[in-house]
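User: Hi! I am a first-year student, and I would like a close look at a single part of this protein model. Could you walk me through one helix and then show me how the rest fits around it?

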Amino acid sequence: FVPVKLNNGKENSGYYGLGWTILKSDSKDKIVFHTGGAIGLNCILYRNLTKHRTVIAYDIANQNAFYIAASAEKILDGEKVELPKKSLTKIYGKLLFTKGEKIAAETLEKLSKDKANYEFDKEKLIKLGYEFLGDVNPYRLPFKTDPAKALEVFKICVRFFPDYWNSYDSYGDALARSGDKELAIKMYQKSLELKPDSESGKKALEKLLK
């Protein structure tokens, strides 16, 4: 339960011990945890060593078992916590896969206004796009990729998160793979306007301009 030190004497950035991550917090309690997961499942073993208390959580919805365990810990201490919101990315992805882009986009437009009950995370949306491209497949399971749906996801990301550099960077990446060089260049240029120090963006744009 002690973070491993690197050769330079500093603690590792992940604050990892021997099989356990030690939680950095303002609490006086010592808390350690370890997460795990598979396709469609996220879980955690969350231990409060000071209070001799353990929370075990499984999540098949938002892949956020840590949030559930930490919230359960707060409830056990008599604190109030907010109920988790539904994931708009998951709803959108399922509709895009089963009902098509029109219904998926219309539903997203409608539900995105209900911020009290739904959360819409730009990084989760980008990850969804790469799942359709086949880049996110940690267990190397065989499945058919769908580049057209990936492009639709990144297009939606640009629409809903126009001030985020990675919306354009990811869209540019997918466009370049699909062969749309002209539009990919525009996306990378916009990405670099928002984040001029992106080395990967510079390299990708330079390659496309050759």
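The request below picks the helix, and the answer starts there before moving outwards.

User: Please take helix H5, residues 147-160. Which of its residues are buried, and which helices do they pack against?

Analyst: Happy to help! One thing to keep in mind is that this is a predicted model.

Let's begin with the helix itself. H5 runs over residues 147-160, which makes 14 residues. From its first C-alpha to its last it reaches 20 Å, close to the 20 Å expected at 1.5 Å a residue.

Now for your first question. The buried residues of H5 are Ala150, Leu151, Glu152, Val153, Phe154, Ile156, Cys157 and Val158. To count as buried, a residue must have under 20% relative accessible area. As you look along the helix, one general point is handy: an α-helix has 3.6 residues a turn, so residues three or four places apart point the same way.

And your second question: the buried residues of H5 pack against four helices, namely H2 (88-98), H3 (101-111), H4 (122-133) and H6 (165-178).

This leads us to the core. The largest nonpolar core in the model has 37 residues. Within it, Tyr92, Leu125, Val153, Phe154 and Tyr171 have the most contacts. At least two residues of this core come from each of H2, H3, H4, H5, H6, helix H7 (181-194) and helix H8 (199-209). Your helix makes the largest contribution here, since H5 supplies seven of the core residues.

Leucine 125 is a good residue to click on next. Setting aside its neighbours within four places in sequence, leucine 125 is in contact with Thr89, Tyr92, Phe120, Val153, Ile156, Cys157 and Phe161. Val153, Ile156 and Cys157 are names you have already met among the buried residues of H5.

There is also another core, apart from the one around H5, with nine residues. Among them are Ile44, Val55, Ala57 and Ala70. To get a feeling for distance, take valine 55 and compare its place with that of lysine 195, which sits in the loop between H7 and H8. These two residues are 140 apart in sequence, and their C-alpha atoms are 40 Å apart in space. Lysine 195 itself is partly exposed because its relative accessibility is 28%.

Let's move on to the strands. Four of them form an open sheet in the order S1-S2-S3-S4, with antiparallel pairing. S1 and S4 (53-59) are the edge strands, so to speak: each pairs on one side only. Strand S3 (residues 41-48) and S4 are joined in the antiparallel sense over seven bridges. One example is arginine 47, whose bridge partner in S4 is threonine 54.

In the loop between S3 and S4 you will find histidine 52. Its phi is near 50°, a positive value in a residue other than glycine. That is worth a second look, as most residues other than glycine have a negative phi. Tyrosine 15, in the segment before S1, also has a positive phi, near 55°. What about burial? Histidine 52 counts as exposed because its relative accessibility is 76%, whereas tyrosine 15, at 17%, counts as buried.

Another loop to visit is the one between strand S1 (21-22) and strand S2 (31-38), where aspartate 29 lies. At 17% relative accessibility, aspartate 29 is buried. Its side chain makes a polar contact of 3.1 Å with the side chain of asparagine 48. A polar contact of 3.1 Å also joins the side chains of aspartate 29 and lysine 51. Leaving out neighbours within four places in sequence, the residues in contact with aspartate 29 are Asn48, Thr50 and Lys51.

Finally, let's look at the rings. The model has seven aromatic pairs. In one of them, the ring centres of tyrosine 46 and phenylalanine 66 are 5.9 Å apart and the planes stand at 65°, so this pair is edge-to-face. The pair links distant parts of the chain, with tyrosine 46 in strand S3 and phenylalanine 66 in helix H1 (residues 65-76), 20 residues apart. Tyrosine 46 is buried, at 3% relative accessibility, while phenylalanine 66 is partly exposed, with a relative accessible area of 30%. Ring pairs also bring in Phe33, which forms a cluster with Tyr46 and Phe66.

Notes
Residues are numbered from 1 along each chain as its sequence is written. This is a predicted model: local features need pLDDT of at least 70, side-chain atom pairs count only at pLDDT 80 or more; totals for chains, interfaces and linings use all residues. Side-chain values use heavy atoms; hydrogens and water are left out. The expected span of a helix is 1.5 Å times one less than its number of residues. Buried means under 20% relative accessible area, exposed over 50%, partly exposed in between (1.4 Å probe, protein chains only). Contact means heavy atoms within 4.5 Å. A polar contact is a pair of N or O atoms within 3.5 Å; within protein, one must be able to donate a hydrogen and the other to accept it, and residues adjacent in sequence count only if both atoms are side-chain atoms. A nonpolar core is a set of buried Ala, Val, Leu, Ile, Met, Phe, Trp, Tyr and Cys residues joined through side-chain atoms within 4.5 Å. Two strands pair if DSSP finds at least two bridges between them. Rings of Phe, Tyr and Trp (its six-membered ring) pair if their centres lie within 6.5 Å; planes under 30 degrees apart count as stacked, over 60 as edge-to-face and the rest as tilted.
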